[in-house]
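Open the model in your viewer and keep the selection panel at hand. Each stop below says what to select and what is there.

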Amino acid sequence: MKYIDSAQVEKKMGSRLLKNMFAKNIFLLATLIGLVVLVVLIYRVFADSIGWIDFNFLTNKLSTDPEKAGIMGAITGTLWLMLVVAPVTLFLGVGTAIYLEEYAKKGKLQSFIQTNISNLAGVPSIVFGLLGLTVFVRGISLGAIVLAGGLTMSLLVLPVVVVAAQEAIRAVPQYLREASYGMGATKWQTIKNVVLPAALPGILTGVILALSRAIGETAPLTVIGIPALLIPLPDGIFDKFTVMPLQIYYWTIDAALVAEYANLAAATIVILLLVLFLMNSIAIFIRNKFQQRF
Amino acid sequence: MAVITDFSKNQVGLKNQGKEGFENMTAKNLVFDTKDLNLWYGDDHALKNINLDIYENEVTAIIGPSGCGKSTFIKTLNRMVELIPVVRISGDILYRERNILDKSFKVEDLRTHVGMVFQKPNPFPKSIYDNIAYGPRIHGIKNKKILDEIVEKSLRGAAIWDEVKDRLNENAYGLSGGQQQRLCLARCLAIEPDVILMDEPTSALDPISTLKIEELVQELKKEYSIIIVTHNMQQAARISDKTAFFLNGEVVEYTDTNKIFSTPSDKRTEDYITGRFG
Amino acid sequence: MEKTFGNEEKNLNVQELIAKNKSTVSFGNYVEKLIPKALLLIATISILTTLGIIITLLTETIEFFKDVPFVEFFTGTVLKPLGQNAQFGVLPLLAGTFISSGIAMIVAIPIGLMTAIYLSEYASDKVRRFLKPMLEILAGIPTIVYGFFALTFVTPLLRSFIPALEPTNILSPGIVMGIMIIPMVASLSEDAMSSVPNSMREGALALGATKLEVTWRVVVPAAISGIVASFVLGISRAIGETMIVTIASGSTKNFGFDVTQSMQTMTAYIVEVTGGDAPAGSTLYYSLYAVAMTLFVFTLIMNLIARYISRKFREEY
């Protein structure tokens, strides 16, 4: 006697396949929700910004009059901020990654630093803001200047750069290191001349992604005390500054007072998204063009 | 002379017997001389009491089945084996009468004199020119004229000059596998080493490229001492002057190549070269 | 082969030059010894950052608890930081934080998981190659933009269905936060599911199981640790999220559970107090750090749990 009644199985098969089809479409639908939101969000922002983005908007200074207000200050501030964040994270991030991948012995210290970095990556950005406020702005009395903001941001995005640089360094095959050692090169010569050049595209991609995170980040800067209405343009890293996300923030919450501020916020969002899109395109370009496949 | 030396069973005093084992013992100088060399990977005893004399301007072949320690052995000669963290070594390795295992001996110095060509072609992802100039540059030679000269000479030495002279600035990854391996040889020649270690340099190559490398080895031994690991016995027979047969981390037999292949003294050697081996 | 260089010339040439350059090489030796030390110093910056955070929060939090009793802070249902008879109960903020995070996870967990299942089990390569970058874009949008979206689009939209909804409320930012977290849950869960070996799927498929049955009975159980870890990390992300709730949920410090009302989260409180230039040394100023410390501890615990789950229950394939 057979235990499996094939007629029964056959009968159930239809409904099982139906369930599968049904589930597949539900899953697809769920996946599309994210996509739909993305489209709606971008459409809304663009729609609100129509008529507000022009040459004057990009080159004017900040003003309480929505017709005259521009984001030159925020753009300049963002640029100065990146001029601090880029070298600092590159130096600290790549240095840490080289130490962890090439010099550190597998052991307690190495795994301690590694664990610490992944914990830092999970600390809310606003907590970094408090660190920046306490140490850079008040502790060493820098005030709410570009340098203080930049250092705060650098610490915030440091884990991103470290992890990306570590992956890039790890992807450099051992046989290239051996070739270099085989010529009598020292460890540092090998790292400097072989490992880092081969890992550079991966490192740069990581740095650009970290910078785009820093460009869009708002919370830590709200904490270190950037004024809502800052008219003079920053001239260097020791000047007070504002950035695009903060400008969006202040205009958004003040839209209850002046309705047009919402349009200004939307217009600034469009510019911010364009900048981020451009940076990500550069990162993808570098990855595809220069990444050596080993 | 037909003194048969069973190295594996008679480790002590091998030094003295070693020379008797060879024909044509004219005044050739020793380049390497290992004394009771032992090596462990963690608890794994990979090299056991190796006592080998290697002479200059000769091709010494190391043969043996996979995992017998032959690669480990030549990587010990330029201390590349130390890149593996769990390695422990005891005994002496004399290179030109200096013990390279001595703490005061700098590996970078050693490797400047003892070059290496690896199993897989491993050019740097740089231009052909920069690949060759890499060694001289890290050793402080910056003069463009001298570098040009070195590059040309090395590429000629590895018989690849004519193929690449018009594209020295192109990436080395554009070359074929065989060309890449000759480029790696040229890169090694660029610092004019004394000894060239070759770790199965043709195992990843097609027969024609293999033949080119073999011809080069014959040519290069006029100026360099060459130690080559191979698991291709025909290759060892074709190109080497002396052959050492490794098995389970021990040297079973080490003697003139024509002798080891015609009248091996050890049963295990005979089994291996006649293909009757596990 | 051209043989322009004889043995003599050879020795005279490169090796001699190398020997001559030994002086620069000895400077190199110095560098060689210095570099690892310098790099170690750089690597310790990350540790100093963590220490900096802990010390900063801890010292000011201790000051805070000199003014406000520990029990009062954690059991107080009234938060009235300004004016006379200021009261510092953190429960309103905790309520705001956990309600908004809860709403976010109600959105993010099912949608994220279903997205992951679709991408890992159903989607063709072509579809996946299109959808994954889209999710990455979604993940790369700054939170301030989501905040703007929540306040100016989602809230008005919701109010047309729920007339009782306040102009600033906890529901809308909760939902938007959930959408923001979808890519994170989806991509981490998908990673976990993709690393389930095909042989396991094939074993079930060969018995006549449908794809859904394979997914639900084989793949998801096998990848469950990675999936759960992605949920926990999502919660941690929601707890620490600042701008969306700051913008869209207002600053009412209510201890309640009505999602149509404005509620303040811990993060939004920090923004509000720092924006108001609290005088250093005041209880208000210290409360900032006490709240931040609470926030830090919660997110740290979540991250540790996530790491523990994914390490402890990592399947060995």
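Two helices count as roughly parallel when the angle between their axes is under 35 degrees. Keep that cut-off in mind for the first stop. One caution before starting: this is a predicted model.

**Stop 1: a helix pair across chains A and C**

Select helix α5 of chain A, residues 125-139, and helix α12 of chain C, residues 266-275. Their axes come within 10 Å and cross at roughly 30°. α5(A) and α12(C) are therefore roughly parallel to each other. The crossing is left-handed. Now show side chains. From α5(A) come I126(A), L130(A) and L133(A). They meet T267(C), I270(C), V271(C) and T274(C) of α12(C). By class, this contact has 5 nonpolar residues, 2 polar and no charged.

**Stop 2: a second pair across chains A and C**

Stay with these two chains. Select α1(A), residues 6-49, and α4(C), residues 91-122. The axes of α1(A) and α4(C) come within 8 Å and cross at roughly 115°. Here too α1(A) passes α4(C) in a left-handed crossing. On the α1(A) side, pick N20(A), K24(A), I26(A), F27(A), L28(A), A30(A), T31(A) and I33(A). On the α4(C) side, pick I111(C), M114(C), T115(C), I117(C), Y118(C) and Y122(C). The contact divides into 10 nonpolar, 3 polar and 1 charged residues.

**Stop 3: a helix packed among others**

Next, select α9 of chain C, residues 211-222. Which of its residues are buried? They are L212(C), E213(C), V214(C), T215(C), V218(C), V219(C), V220(C) and A222(C). What do they pack against? Chain A supplies α1(A). Chain C supplies α4, α7, α8 (198-205) and α10 (224-240).

**Stop 4: two helices within chain C**

α7(C) deserves its own selection: residues 171-194. Add α5(C), residues 125-140. The two axes come within 8 Å and cross at roughly 135°. α5(C) and α7(C) are therefore oblique to each other. α5(C) passes α7(C) in a left-handed crossing. Show R128(C), K132(C), L135(C), L138(C) and A139(C) on α5(C). Opposite them on α7(C) are I179(C), P183(C), A186(C) and E190(C). This contact has 6 nonpolar residues, no polar and 3 charged.

**Stop 5: an asparagine in chain C**

Select N303(C). This residue sits in helix α13 of chain C, residues 283-312. Is N303(C) buried or exposed? N303(C) is buried, with a relative accessible area of 7%. Now select its contacts, leaving aside neighbours within four places in sequence. Chain A contributes N119(A), G122(A) and V123(A). Chain C contributes L233(C) and S236(C).

**Stop 6: chain B**

Switch to chain B and colour by secondary structure. Chain B has 11 helices and 11 strands. Of its 278 residues, 58% count as buried. Count contacts in chain B with a separation of 6 or more: residues 24 or more positions apart account for 68% of them. Turn on the surface. Chain B exposes about 11300 Å², and carbon and sulfur atoms supply 49% of that area.

**Stop 7: a loop residue in chain B**

Finish at D43(B). Look in the loop between β1 (30-41) and β2 (44-50) of chain B. D43(B) counts as exposed, at 81% relative accessibility. Then select V86(B), 43 residues away along the chain. The C-alpha atoms of D43(B) and V86(B) are separated by 9.1 Å.

Terms used:
Residues are numbered from 1 along each chain as its sequence is written. Chains are lettered from A and ligands numbered from 1 in the order in which they are written. This is a predicted model: local features need pLDDT of at least 70, side-chain atom pairs count only at pLDDT 80 or more; totals for chains, interfaces and linings use all residues. Side-chain values use heavy atoms; hydrogens and water are left out. Axes are lines fitted to C-alpha atoms, for helices over the stretch in contact, and angles run from 0 to 180 degrees between N-to-C directions. Helices (H or I, at least four residues) and strands (E, at least two) are DSSP runs, numbered from the N terminus. Angles under 35 degrees count as roughly parallel, over 145 as roughly antiparallel, 65 to 115 as roughly perpendicular and the rest as oblique. A crossing is left-handed if the near helix is turned anticlockwise from the far one by less than a right angle, and right-handed if clockwise. Contact means heavy atoms within 4.5 Å. Ala, Val, Leu, Ile, Met, Phe, Trp, Tyr, Cys and Pro count as nonpolar, Asp, Glu, Lys and Arg as charged, and the others, Gly among them, as polar. Buried means under 20% relative accessible area, exposed over 50%, partly exposed in between (1.4 Å probe, protein chains only). Accessible areas come from the Shrake-Rupley method with a 1.4 Å probe; for residues, only the protein chains shown count as cover.
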